[in-house]
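The following paragraphs lead through one protein chain, beginning with its secondary structure and proceeding to its helix packing and charged pairs. The reader is invited to keep the model in view throughout.

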Amino acid sequence: MEHPIRVAIVDDHPMVTEGIEAILETYDDINVVGTLNNGQAIIDQVDDLAPDVILLDLNMPDMNGLSATEILLEKRPDMRVLILSMHDTPEYIQTALSHGAKGYVLKDVPTEEIKTAIDTVMAGQQYLCTGATAALAPKTHDGRESLTSREQTILLQLAQGNSNKQVAAALDISVRTVETHRKNIKRKLGISTTAGLTRYALEHGVLQGTGGL
């Protein structure tokens, strides 16, 4: 880009806005142009701030993120809205996307993932974090969510007795990312222990590469 990506952060929790701002300001290609605490404030100031991307919370006083998204995109259609939320239900995610948001990121993601999300939506693509993708995943015939191909790979690694650190090194991802996938795998399969994951892998042929998840 010819200029740094201009980012506005809108959340009614100061610790959230200050934390994200501190992280984003470490990137040379990011310029945080404003931090605001409600939807009406960003609507009033969006023309002056001229952000390329708005990181927008869903639940805020005065005006919620969904209403704000519609109005903001009417004012500046080329702008990207990236939802930051604690809600991982399909209804929240689908509604946000239908209102024009280009991405959905849960607040518990690693901070570097927010930068990835910004870069992705600036490239004209949609971005959903792992948790949001899992929430929208189709269910299997027995009601469980299907594992993604990456989750299947990580389940195989874990079932072979590898630690989070070993899995991260093997797949060239961060330990935090492995931990997130591991949590999602346990949630989807309804299994709470590593021994349970290993037993599941054995029973479903994962260790032999024959299992379908």
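Helices are taken here as DSSP runs of H or I with at least four residues, numbered from the N terminus. The model is a predicted one. In these terms, the chain has 10 helices and six strands. Lys115 and Asp119 illustrate the use of the numbering: both lie in helix H5, four residues apart, about one turn of the helix.

The overall dimensions come next. Along the principal axes, the C-alpha atoms of the chain fill a box of roughly 60 × 35 × 30 Å. The chain comprises 213 residues, of which 44% count as buried. Among the contacts in the chain with a separation of 6 or more, 60% are accounted for by residues 24 or more positions apart.

Three helix pairs may now be examined in turn. Helix H2 spans residues 39-49 and helix H3 residues 65-75; their axes come within 10 Å and cross at roughly 5°. That angle makes H2 roughly parallel to H3, since angles under 35 degrees count as roughly parallel. On the H2 side the residues that meet H3 are Gly39, Ile42, Ile43, Val46 and Asp47, and on the H3 side they are Ala68, Ile71, Leu72 and Lys75. Divided by class, the contact of H2 with H3 consists of six nonpolar, one polar and two charged residues.

The second pair is formed by helix H7 (residues 149-159) and helix H10 (residues 194-203), whose axes come within 9 Å and cross at roughly 110°. H7 and H10 are therefore roughly perpendicular to each other. H7 contributes Leu155, Leu158 and Ala159 to the contact, while H10 contributes Leu197, Thr198, Tyr200 and Ala201. The class composition of this contact of H7 with H10 is six nonpolar residues, one polar residue and no charged residues.

Another residue of helix H7 is Gln157. Is Gln157 buried or exposed? With a relative accessibility of 16%, Gln157 counts as buried, because the cut-off for buried is under 20% relative accessible area. When its neighbours within four places in sequence are left aside, Gln157 is in contact with Asn162, Val167 and Ala170.

Helix H8 (residues 164-171) and helix H9 (residues 175-189) make up the third pair, with axes that come within 8 Å and cross at roughly 110°. H8 is thereby roughly perpendicular to H9. The crossing in which H8 passes H9 is right-handed. Asn164, Lys165, Val167 and Ala168 of H8 meet Val175, Val178, Glu179 and Arg182 of H9. In the contact of H8 with H9, the residues divide into four nonpolar, one polar and three charged.

The account now turns to charged pairs. Side chains of opposite charge can pair when their charged atoms come close. How many salt bridges does a search of the whole structure find? The search finds eight.

One of them joins Lys107 to Asp11, with the closest N and O atoms 2.7 Å apart. Lys107 is located in the loop between strand S5 (103-106) and helix H5 (111-122), and Asp11 in the loop between strand S1 (5-10) and helix H1 (14-24), so this salt bridge ties together parts that are 96 residues apart in sequence. Lys107 has a relative accessibility of 29% and counts as partly exposed, whereas Asp11, at 3%, counts as buried.

Lys107 also forms a salt bridge with Asp57, the closest N and O atoms being 3.5 Å apart. Because Asp57 lies in strand S3 (residues 53-57) and Lys107 in the loop between S5 and H5, this pair ties together parts that are 50 residues apart in sequence. Asp57 counts as buried, at 4% relative accessibility.

A further salt bridge returns the reader to helix H5, where the side chains of Lys115 and Asp119 meet at 2.7 Å, N to O. Of these partners, Lys115 counts as buried at 9% relative accessibility, while Asp119 is partly exposed, with a relative accessible area of 32%. What joins Asp11, Asp57 and Lys107 into one network? Salt bridges that share partners link these residues.

Technical notes: Residues numbered from 1 in each chain as written. Predicted model: local features only at pLDDT ≥ 70, side-chain atom pairs only at ≥ 80, totals over all residues. Heavy atoms only, no water. Axes fitted to C-alpha atoms, helices over the stretch in contact; angles between N-to-C directions. Helix = DSSP H or I, 4+ residues; strand = E, 2+ residues; numbered from the N terminus. Parallel < 35°, antiparallel > 145°, perpendicular 65-115°, else oblique. Contact = heavy atoms within 4.5 Å. Nonpolar A, V, L, I, M, F, W, Y, C, P; charged D, E, K, R; others polar. Salt bridge = Lys/Arg side-chain N within 4 Å of Asp/Glu carboxyl O. Buried < 20%, exposed > 50% of the residue type's maximum accessible area, 1.4 Å probe, protein only. Left-handed = near helix turned anticlockwise from the far one by under 90°.
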